[in-house]
Each structure stands twice: as C-alpha cells, then as structure tokens.
Amino acid sequence: MHRTSTRVILSCAAIGVGGGLFAAGAGYFAGLIAGIAPMLYGITIGSHFLPSAVALALLKRPGVGILTGFIAGLVGAAFAPQWIWRFLLTGLLVGALLELPFFVTRYRSWSPWLFYAAAGGSGLALAAGTFVALGPEHYAPWFWALYLAMFTLSPVVFTWLGRVIARSLSRAGVARTLA
C-alpha cells in the first residue's frame, strides 16, 4: 500500500481551498454569463480544472488531482450550496480526467503535453455531453461552434494557468520538502 504523507495531503487541502474559493466566484460568474451570453458559458468550465492542474503539476503524485478537486468542490459548495452536487461531482470528475493520462503512464511521465491532452480531451467530452443534453436543434450552428470551442479551449487555458502557478510555487520552494 502506498503511503501518502501528511504534507502532501495538507498541500492538496491548501490548493483545494484556494481553488474552491476561485470556483465559487466562477460559479456565480457562470450564472451571469448563462443569462447574458450563453454561447460563452464554456469559458467558465475551465475554472474547475485549475486546482487539480496545480496539484498535479506541483506535487506529481497519484491521487492529488482527485483529492484536490474534491476539496475544491467542498469549498465551492460552502459558498454556493445550491450547486453542491455540481461542485462535488465536477471536482471529482475533472480530477479523475486530468489524472487519467498519468495513471495510464503509471505516474512515470509528467510531460506537459499530457496535461494539455487531458484538459483538451476532457473539455471535448464535456462539450459533447452538453451538445447532446441541450439538443443541437435548439441553437444556431454559429452558437454551437462558439459554445463548443469555449468548452474545449477553456480547460486547456486553465490547465496552462495551473501549470504556471505550480511552477511559480515550485520556484518559491513551496514543494521542496515534498520531493
């Protein structure tokens, strides 16, 4: 059995709390975007990728993406209890989807392209799900093109931002004792 140190768990918690606060604000912003310009709603989905991306890029350990995503969901739900299941399930799903390529490589490869492939593939899967759920006949083709592009690109952008944050934290020595 693999033992995870308390430092790693507390690091996941700290990243998850920060990400959950960000996700709570993004949740309210998403509601505003959905009412004003629904075709741009996809830009907000990437906010759920940020905490897991930071944790995976900084800690490079199995399970940290899922744990951090779940903690971020708990914190986000505390500020927006009406969306508790959305936050919790999205945090778990996104953490698992981001970890999938690292799981496949048995957590031996941490190449940047794996982060972006996971984020882009996840965004595409979420976009396809919303396309089917909302029904293609309800909106014009230009709407769907923009909507699906935002859903696919937003996770990639937020994953890039998460990697930038992780690199900055690493340079500052935050994860030095975790290696």
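This short presentation walks through the helices, a surface patch and some loop residues of one protein model.

Good morning. The model is a predicted one, and I shall begin with its confidence. The average pLDDT of the protein is 93, and 98% of the residues score at least 70. By element, the highest confidence belongs to helix 2, residues 50-59, at 97. The lowest is in helix 5, residues 112-134, with a mean of 93.

Let me turn to helix 3, which covers residues 64-79. Does its length agree with expectation or disagree? Its 16 residues should span 22 Å at 1.5 Å a residue, and the end C-alpha atoms lie 23 Å apart, so the two agree. The buried residues of helix 3 include three valines and alanines that I would point to on the screen, namely V64, A72 and V75. Glycines are also among them: G65, G69, G73 and G76 are buried. T68, I71 and A77 are buried as well. Which helices do these buried residues pack against? They pack against helix 1 (6-36), helix 2 and helix 4 (84-104).

Next, the surface. A nonpolar patch is formed there by I66, F70, L74, I84, W85, L89 and L92. Together these residues have about 640 Å² of accessible area. Helix 3 and helix 4 each supply at least two residues of the patch, and helix 4 gives the largest share, with four residues. One patch member, L92, is found in helix 4. With a relative accessible area of 33%, L92 lies between the 20% and 50% limits, and it therefore counts as partly exposed.

I come now to helix 5. It has 23 residues, and from its first C-alpha to its last it reaches 33 Å, close to the 33 Å expected at 1.5 Å a residue. Its buried residues are L114, F115, A118, A119, G120, S122, G123, A127 and T130. These pack against helix 2, helix 4 and helix 6 (141-171).

Also in helix 5 is L126. What does L126 touch, leaving aside its neighbours within four places in sequence? It is in contact with I45, F49, L93 and F151. L126 can also be related to L148: the two are 22 residues apart in sequence, and their C-alpha atoms are 9.0 Å apart in space.

Finally, backbone angles. As a general matter, most residues other than glycine have a negative phi. Two residues here deserve attention on that account. K60, in the loop between helix 2 and helix 3, has a positive phi of about 50 degrees although it is not a glycine. R106, in the loop between helix 4 and helix 5, is not a glycine either, and its phi is positive at about 60 degrees.

Are these two residues exposed or partly exposed? R106 has 60% relative accessibility, and because the limit for exposed is over 50%, it counts as exposed. K60 is partly exposed, with a relative accessible area of 41%. R106 can further be placed with respect to P62: the two residues are 44 apart along the chain, yet their C-alpha atoms are separated by 8.7 Å.

A glycine completes the list. G135, just after helix 5, takes a positive phi of about 90 degrees.

That concludes the presentation, and I welcome discussion.

Technical notes
Residues numbered from 1 in each chain as written. Predicted model: local features only at pLDDT ≥ 70, side-chain atom pairs only at ≥ 80, totals over all residues. Heavy atoms only, no water. pLDDT = per-residue confidence, 0-100. Expected span 1.5 Å × (residues − 1). Buried < 20%, exposed > 50% of the residue type's maximum accessible area, 1.4 Å probe, protein only. Contact = heavy atoms within 4.5 Å. Patch = residues over 30% accessible without salt bridge, like charges linked within 9 Å, V, L, I, M, F, W, Y side chains within 5 Å. Areas by Shrake-Rupley, 256 points an atom, 1.4 Å probe, with all protein chains shown as cover. Salt bridge = Lys/Arg side-chain N within 4 Å of Asp/Glu carboxyl O.
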